[in-house]
Amino acid sequence: MIHTLIAKIIINDDLYTQKASIRKLLDYANKVPKLTAGINCSHEVEQAENEFNFILNYYQKTPSRYIRHYVISSDVIKDPYEMLRIAYNVASFFINTNQVFIAVHTDTDHIHSHLIVNTV
């Protein structure tokens, strides 16, 4: 059986170029789920935000884009834990040097995950 996975990057230049976007996007990703994970950061929103900002301040960076936002969805995956495992594996493989907050949403007709990536 072949699973259909769709990954896309969400681009919103006005939002993601502002430091406040870190908290706004973490809150959005965490609005529905209670299935979260973190790579190089906490799986809890407030702690992840603190850790994102710590790295930003530690390296004294002012990036043109503070965060990146990816969505992974599938029309065949019905188990939120399987989606979390897939999102974690994808992020661990492709984005393993950054901080990545992962949240699985089950509030729509298809399960999907949000990957919020610190660009610093």
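**Exercise 1. Strand 2**

Task: In this predicted model, determine whether strand 2 (residues 35–39) is largely enclosed or largely open, and find its pairing partner.

Solution:
- Step 1. Count the buried residues: four of the five in strand 2 are buried, so the strand is largely enclosed by the rest of the structure.
- Step 2. Look for bridges. Strand 2 pairs with strand 4 (residues 100–105) in the antiparallel sense, over five bridges.
- Step 3. Fix the register with one pair: threonine 36 is opposite alanine 103 in strand 4.

**Exercise 2. Strand 5 and its neighbours**

Task: State how many residues of strand 5 are buried, and describe how the strand is paired.

Solution:
- Step 1. Seven of the seven residues of strand 5 are buried, and the strand is mostly covered.
- Step 2. Sort the side chains by direction. In a regular strand, side chains alternate between the two faces of the sheet. In strand 5, His112, His114, Ile116 and Asn118 point one way, while Ser113, Leu115 and Val117 point the other way; all are buried.
- Step 3. Take strand 3 (residues 67–74): its pairing with strand 5 is antiparallel and has seven bridges. Within it, isoleucine 67 has asparagine 118 of strand 5 as its bridge partner.
- Step 4. Take strand 4: it too pairs with strand 5 in the antiparallel sense, over six bridges. Here phenylalanine 101 is opposite isoleucine 116 of strand 5.
- Step 5. Check the connection. Strands 4 and 5 form a hairpin, with six residues between them.

**Exercise 3. The buried side of helix 2**

Task: List the buried residues of helix 2 (residues 21–29) and work out how they are arranged around the axis.

Solution:
- Step 1. The buried residues are Ser21, Ile22, Leu25, Leu26 and Ala29.
- Step 2. These residues cover an arc of only 125° around the axis, which puts them on the same side of helix 2.
- Step 3. Compare with helix geometry: an α-helix has 3.6 residues a turn, so residues three or four places apart point the same way.

**Exercise 4. The nonpolar cores**

Task: Identify the residues with the most contacts in the largest nonpolar core, and name the elements that supply it.

Solution:
- Step 1. The largest core has 17 residues; those touching the most other members are Met83, Leu84, Ala91, Val100, Ile102, Val104 and Leu115.
- Step 2. At least two residues each come from strand 2, helix 4 (80–94), strand 4 and strand 5 (112–118).
- Step 3. Helix 4 gives the most, with five residues.
- Step 4. Look for another core. A second, separate one has 14 residues, among them Ala29, Tyr66, Ile67 and Phe101.

**Exercise 5. Helix 3 and the loop before it**

Task: Classify phenylalanine 54, asparagine 57 and asparagine 40 by accessibility.

Solution:
- Step 1. Phenylalanine 54 lies in helix 3 (residues 45–58). Its relative accessibility is 52%, and the cut-off for exposed is over 50%, so phenylalanine 54 counts as exposed.
- Step 2. Phe54 joins Tyr58 and Tyr59 in a nonpolar surface patch, with about 400 Å² of accessible area together.
- Step 3. Asparagine 57 is also in helix 3. At 48% relative accessibility it counts as partly exposed. The C-alpha atoms of asparagine 57 and valine 120 are 9.6 Å apart, with 63 residues separating the two along the chain.
- Step 4. Asparagine 40 lies in the loop between strand 2 and helix 3, and at 49% it counts as partly exposed.
- Step 5. Check the backbone. Most residues other than glycine have a negative phi. Asparagine 40 is not a glycine, yet has a positive phi of about 60°.

Technical notes: Residues numbered from 1 in each chain as written. Predicted model: local features only at pLDDT ≥ 70, side-chain atom pairs only at ≥ 80, totals over all residues. Heavy atoms only, no water. Buried < 20%, exposed > 50% of the residue type's maximum accessible area, 1.4 Å probe, protein only. Pairing = 2+ DSSP bridges. Arc of directions from axis to C-beta. Patch = residues over 30% accessible without salt bridge, like charges linked within 9 Å, V, L, I, M, F, W, Y side chains within 5 Å. Areas by Shrake-Rupley, 256 points an atom, 1.4 Å probe, with all protein chains shown as cover. Salt bridge = Lys/Arg side-chain N within 4 Å of Asp/Glu carboxyl O. Core = buried A, V, L, I, M, F, W, Y, C linked by side-chain atoms within 4.5 Å.
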